[in-house]
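Biologist: I've got the model open, and I'd like to know what lies behind the words people use for it. Can you take me through them?

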Amino acid sequence: MGTLSITQLKSGMVLSADLVAPNGRFILPKGACLTSRNIMSLKIWGVAEVAVSDRSDLPCEEDDFLYSSSVMEEARSIVLRIFGGIPPGNRAMEEVYRVAIREAARSLTENEARPPVFFTQEFTPPPGAPLPKLAMEELVGAEVRFVSFPDVYFRISEALQSPKSSITHVAELISKDTALSATLLKLANSAIYGVPAKVDSIQRAAALIGGKALSILALGVSAVKSFNSIPSEWVNMESFWRHSVAVAVLGQIISSRKNSRIIEKVFVGGILHDIGRLVMLRHVPSVMARAIAAAAERKVPLVEIERELFGFDHGELGGNILERWGFPRELSDLVLLHHAPAGETHSFPAAALSVADTLAAALRQGSSGSPYPPAISDEVWNMTDLSPGAIDSVVRQARRQISEIYSLFKGGDDDGKTAAHS
Ligand SMILES: [Fe+2]
Ligand SMILES: [Fe+2]
């Protein structure tokens with residue numbers, strides 16, 4: 001159909017190229033179906049012309065017309081319960097709310113089952129017991145003694161740090177571990193890469209995505225497997241990993257729109273971003289029970305109470321543990337900063353994870369225990385270089401991928417229909 005001026009656009013037209021605002025902000029991806037709401041926001045962003053192809057055969061989803069008023073009402077109350085309230089004047093959070101309500105309405109209409117609740121038993125603080133004061137180093141040490149990695153992990157870690165190591169060498173190392181190779185091949189063939197031809201060998205996967213990227217994925221997969229073998233008394237690990245995978249997928253989609261060379265880092269960072277929380281729950285459950293009760297009562301994210309009680313948060317703890325396990329610094333720093341991406345470092349990958357964390361909560365994709373998710377601040381949102389209108393397309397793209405990647409990590413056939421309601 002070609003390039004049309006903004007006044008010629010009609011709801012239902014499909015973008016034939018990624019749409020970027022005059023100031024460089026990513027607005028919508030190629031293939032997105034324009035809604036009347038989209039067209040209005042393009043005018044706000046100063047877009048003059050848009051490349052479109054023929055109209056889609058399918059109607060574009062316009063939230064307000066798709067669902068009954070009683071379903072929309074229930075969806076609104078679900079989203080209000082998740083976030084507690086919306087910070088006034090925050091454009092990104094307003095859009096998160098809108099998309100979250102649409103997703104909740106869709107999920108209710110399709111009778112979709114939700115991942116299980118995070119806590120497996122009543123998790124209440126012991127009355128009056130004094131809180132043990134713990135230095136971060138003690139928790140790091142306790143965890144590092146707790147977890148053991150397979151040999152291949154250390155060899156890959158060494159190869160990553162060696163400037164002499166070649167793609168062929170990395171591929172050979174990984175190929176020796178059949179279970180690891182199988183998971184990595186499934187990842188290489190997943191929607192993350194969207195490769196049309198089947199990737200059937202680790203050598204081919206390494207050539208396709210690069211030796212370093214494949215090594216980072218291999219370390220992440222090994223860490224999940226080692227970490228997963230340790231049962232947690234208090235929490236439902238399906239809920240935890242579902243949240244982690246959702247953050248990984250959403251973070252990967254957000255970062256791919258700005259820099260496709262960092263998607264593996266953001267993906268693995270997402271998978272492991274909250275392991276510090278798990279470590280806190282495992283080693284000091286009484287302190288965490290008190291922290292969770294305080295977060296619920298004050299209606300603030302748990303991460304804020306962690307800082308008050310411990311003097312550090314689960315991101316800092318997780319980052320330190322990953323560093324001790326020999327993960328590349330860029331990955332451990334990413335986990336360390338995921339709740340503080342806008343400090344001196346101004347880390348774009350950490351900002352992508354931070355936004356993904358809030359979106360995963362909005363989509364009700366599992367939990368890592370916080371009664372309320374952190375809101376996306378203007379500063380962090382601006383670091384992603386996305387327009388608020390892009391949240392919708394990020395969520396639609398992620399929705400399809402989260403179940404696929406989750407089942408790939410768990411080695412099962414998760415179809416999203418088996419879990420209990422949260
Ligand atoms: Fe976190
Ligand atoms: Fe999280």
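Biologist: What makes Ser190 count as being in contact with Glu404, Ile405 and Leu408?
Modeller: Two residues are in contact if their C-beta atoms, placed from the backbone, lie within 7 Å. Leaving aside neighbours within four places in sequence, Ser190 is in contact with those three, Glu404, Ile405 and Leu408. One heads-up: this is a predicted model, so local features need pLDDT of at least 70 and side-chain atom pairs count only at pLDDT 80 or more, while totals for chains, interfaces and linings use all residues. Also, residues are numbered from 1 along each chain as its sequence is written, and chains are lettered from A and ligands numbered from 1 in the order in which they are written.

Biologist: Why is Ser190 called partly exposed?
Modeller: Count the other C-beta atoms within 10 Å: 20 or more is buried, 12 or fewer is exposed, and in between is partly exposed. Ser190 has 16, so partly exposed it is. You'll find Ser190 in the loop between helix H8 (178-188) and helix H9 (202-209); helices are DSSP runs of H or I with at least four residues, strands are runs of E with at least two, and both are numbered from the N terminus.

Biologist: And what makes Ala356 buried?
Modeller: The same kind of count: Ala356 has 29 other C-beta atoms within 10 Å, so it's buried. Ala356 is in helix H18 (residues 348-362). Its contacts beyond four places in sequence are Val247, Leu250, Gly251, Ile254 and Gly270. The C-alpha atoms of Ala356 and Ile254 are 7.8 Å apart, though 102 residues separate the two along the chain.

Biologist: How do you know what span to expect for helix H20?
Modeller: Take 1.5 Å times one less than the number of residues. H20 (residues 390-410) has 21 residues, and its 30 Å from first C-alpha to last is close to the 30 Å expected.

Biologist: Where is the kink in H20 centred?
Modeller: On Arg399, with a kink of about 30°. The bend at a residue is the angle between axes fitted to the seven residues ending there and the seven starting there.

Biologist: How do you know whether the radius of gyration of the protein chain agrees with a compact globule?
Modeller: That radius is taken over C-alpha atoms, and the globule rule is 2.2 Å times the number of residues to the power 0.38. For 422 residues the rule gives a value near 22 Å; the protein chain has 22 Å, so the two agree. Buried residues make up 44% of the protein chain.
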